[in-house]
Amino acid sequence: METTLLIKNAKQLVTSKGYSGKPMLGDDLAKLEVIEGGAVAVGGALILAVGPTEEVLKQVEITSTTGIVDATGKIVLPGLVDPHTHTVFAGSREHELELKIKGMSYLDILARGGGILSSVKSNRVASKDELVRAGLKYTSEMLAQGTTTAEAKSGYGLTLEDELKTLEAIAEVDGLQPLDLIPTFLGGHAVPPEYKGDTDGYVNRVVKDMLPVVAEKKLAKFCDVFCEEGAFSVEQSRRILKAAAALGMSLKIHADEIKPLGGAELAAELRAVSADHLLAISKEGIRRMAQELVMAVLLPGTTFYLREKHFAPARKMIEAGVPVALATDFNPGSCPNNNMQFIMTLACLYLEMTPAEVMNAMTINAAHALGLGSSIGSLEAGKLADVVIFDAPSYLYLPYRFGTNLVSQVVKRGCLVMG
Ligand code: IZC
Ligand code: ZN
């Protein structure tokens, strides 16, 4: 195979160590391979070889057409994977910041028809093209910040027509730019105004009218539900997720974020791929998620922006053997940030995860949270050549320099797409 691109001489090449095809658990979450003077050789969209530069040069043939990226003084990581976002939305909610400072909570704002329901208003009047334009703007920001794959949820339409419009917009955005978007149907995001007081009626609508069409059109890999007070109960979430599983979709759940309803236990019962948020997870929820190896997708950007009193108990989960991944939760209300580098800092400071754990949680484990652990998330021959080069002397520097974009170049499927 011809070498189309060679990234060489990295001060550090950093990837998960002893990666076995499974998520990194417990003490293994901190295991990183750090290669000084590292290189990655790429053939087309795939990685051909990884290792110290002189060894890689022995394994592959370099020709006059091979693109060369000299990473001297820089670090090379797998492309960051953001496994929980609401990236394709119209409008914004900056007016809620002041309400929040004055003491109104996220759920208070939602109960008054703001929050998610304010975004639902903006999305319903937006055309598909407007949603695509917004999605393109946000994905280009994400790519420039080192994210090469992200999940994207619907959930601001809440009618069949508007949910399909959003999922079709997500598919268009996926095709129009380099970052891979993995679509999730989140019809169970909030109860729309026309069903106020009749949550079960809306759940029927999701189960009977929306899910079968979404599945038949193959517009979503995952189905998710916002299982929360003021949104959907455990029983209502179970109904939606079971119906989705019967249609062949994989499952995710917004679980135990604000109130401890038992979403983590439900995720284990249904063998969901991930349960996300988990600030209020119970001991039993931790035990059950470890037992069923449900990925905990932790979203410290949201906890920070909602000014919650405590963060998810990441250390307890890691110690109990729950696989842990990190994501932004990028959305117009509870986390208008899509920079995984900022999440690194929050995860270190407030989840008390070490920088090494954070690297694995944002690469290989985040890939597993999307069911993509065999194709992305680590630098290994045969995987997709999704690579980020940071202008940093070591990976420890990434969470340290918070608020600055340290990305120097981004390679997606073997093509240099930034820098
Ligand atoms: O738009 O507020 N938590 N859904 C559940 C969100 C946050 C997104 C939003
Ligand atoms: Zn979310």
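A cavity here is a set of grid points where a 1.4 Å probe fits but cannot get out, and a residue lines it if one of its atoms lies within 4 Å of a point. I am working from a predicted model.

**Entry 1. Cavities**

I started with the enclosed spaces. The structure has 2 cavities of 30 Å³ or more. I took the second largest cavity before the other; its volume is about 40 Å³. I listed its lining as P78, G79, V81, T148, T149, I376, G377, S378, L384 and D386. By class I noted 4 nonpolar, 5 polar and 1 charged residues for this lining.

The largest cavity holds about 100 Å³ of space. I counted 13 residues in its lining, and H86, Y106, H189, N331 and S334 are the ones nearest the centre. The classes for the largest cavity are 4 nonpolar, 6 polar and 3 charged.

**Entry 2. Pockets**

Next I looked up the open spaces. The largest pocket has a volume of about 320 Å³. I found 17 residues lining the largest pocket, with L110, L117, V191, P193 and K196 nearest its centre. Two elements, α3 (106–111) and α4 (116–125), give two or more residues to that lining. The largest share comes from α4, with 4 residues. I sorted the lining of the largest pocket into 9 nonpolar, 4 polar and 4 charged residues.

The second largest pocket contains about 240 Å³ of space. I wrote down its lining in two stretches plus one residue: K100, G103, M104, S105, Y106 and L107, then I258, then L306, R307, E308 and K309. Its classes are 5 nonpolar, 2 polar and 4 charged. I also noted Y106 in both places, as a lining residue of the second largest pocket and among the residues nearest the centre of the largest cavity.

**Entry 3. Strands β13, β14 and β15**

I then followed strand β14, residues 295–298. Its side chains alternate: M295 and V297 point one way, A296 and L298 the other, and all are buried. Which strands pair with β14? On one count, β13 (residues 274–277) is joined to β14 by 3 bridges, and the two run parallel. I found S274 opposite M295 in this pairing. On the other count, β15 (residues 324–326) is also joined to β14 by 3 bridges, again in parallel. Here L298 has L326 of β15 as its bridge partner.

I checked the connection from β13 to β14 as well. It passes through helix α10, residues 283–292, and the three elements make a right-handed β-α-β unit.

**Entry 4. Positive phi**

I looked for residues other than glycine with positive phi and noted two. L278 has phi near 65 degrees. L278 sits in the loop between β13 and α10, that is, within the β-α-β unit of the previous entry. Buried or exposed? L278 is buried, because its relative accessible area is 0% and the cut-off for buried is under 20%.

D329 also has phi near 65 degrees. D329 belongs to the loop between β15 and α13 (340–350). D329 is buried too, at a relative accessible area of 1%.

**Entry 5. Aromatic pairs**

I counted 9 aromatic pairs in the structure. One of them is F89 with F330, a tilted pair at 5.4 Å centre to centre with 55 degrees between the planes. F89 is in the loop between β8 (80–82) and α2 (96–101), and F330 is in the loop between β15 and α13, so this pair ties together parts that are 241 residues apart in sequence. F89 and F330 are both buried. I also have F89 and F330 in one aromatic cluster with Y138 and Y156. The loop that holds F330 is the loop of D329 from the previous entry.

The other pair I looked up is F311 with Y350. Why is it called stacked? The ring centres are 4.8 Å apart and the planes are at 10 degrees, so the pair is stacked; the cut-off for stacked is under 30 degrees. F311 lies in the loop between α11 (300–305) and α12 (314–320), while Y350 lies in helix α13, 39 residues apart. I compared burial for the two partners. F311 is buried at a relative accessible area of 16%, whereas Y350 counts as partly exposed at 43%.

Terms used:
Residues numbered from 1 in each chain as written. Chains lettered and ligands numbered in written order. Predicted model: local features only at pLDDT ≥ 70, side-chain atom pairs only at ≥ 80, totals over all residues. Heavy atoms only, no water. Buried < 20%, exposed > 50% of the residue type's maximum accessible area, 1.4 Å probe, protein only. Pairing = 2+ DSSP bridges. Right-handed = clockwise from strand over helix to strand, strands pointing away. 1 Å grid on protein atoms, 1.4 Å probe; cavity = no way out; pocket = protein on both sides within 12 Å on 5 of 7 lines; lining within 4 Å. Points joined across faces, edges and corners; volume = space filled by probe spheres on them. Nonpolar A, V, L, I, M, F, W, Y, C, P; charged D, E, K, R; others polar. Phe/Tyr/Trp six-rings, centres within 6.5 Å; stacked < 30°, edge-to-face > 60°.
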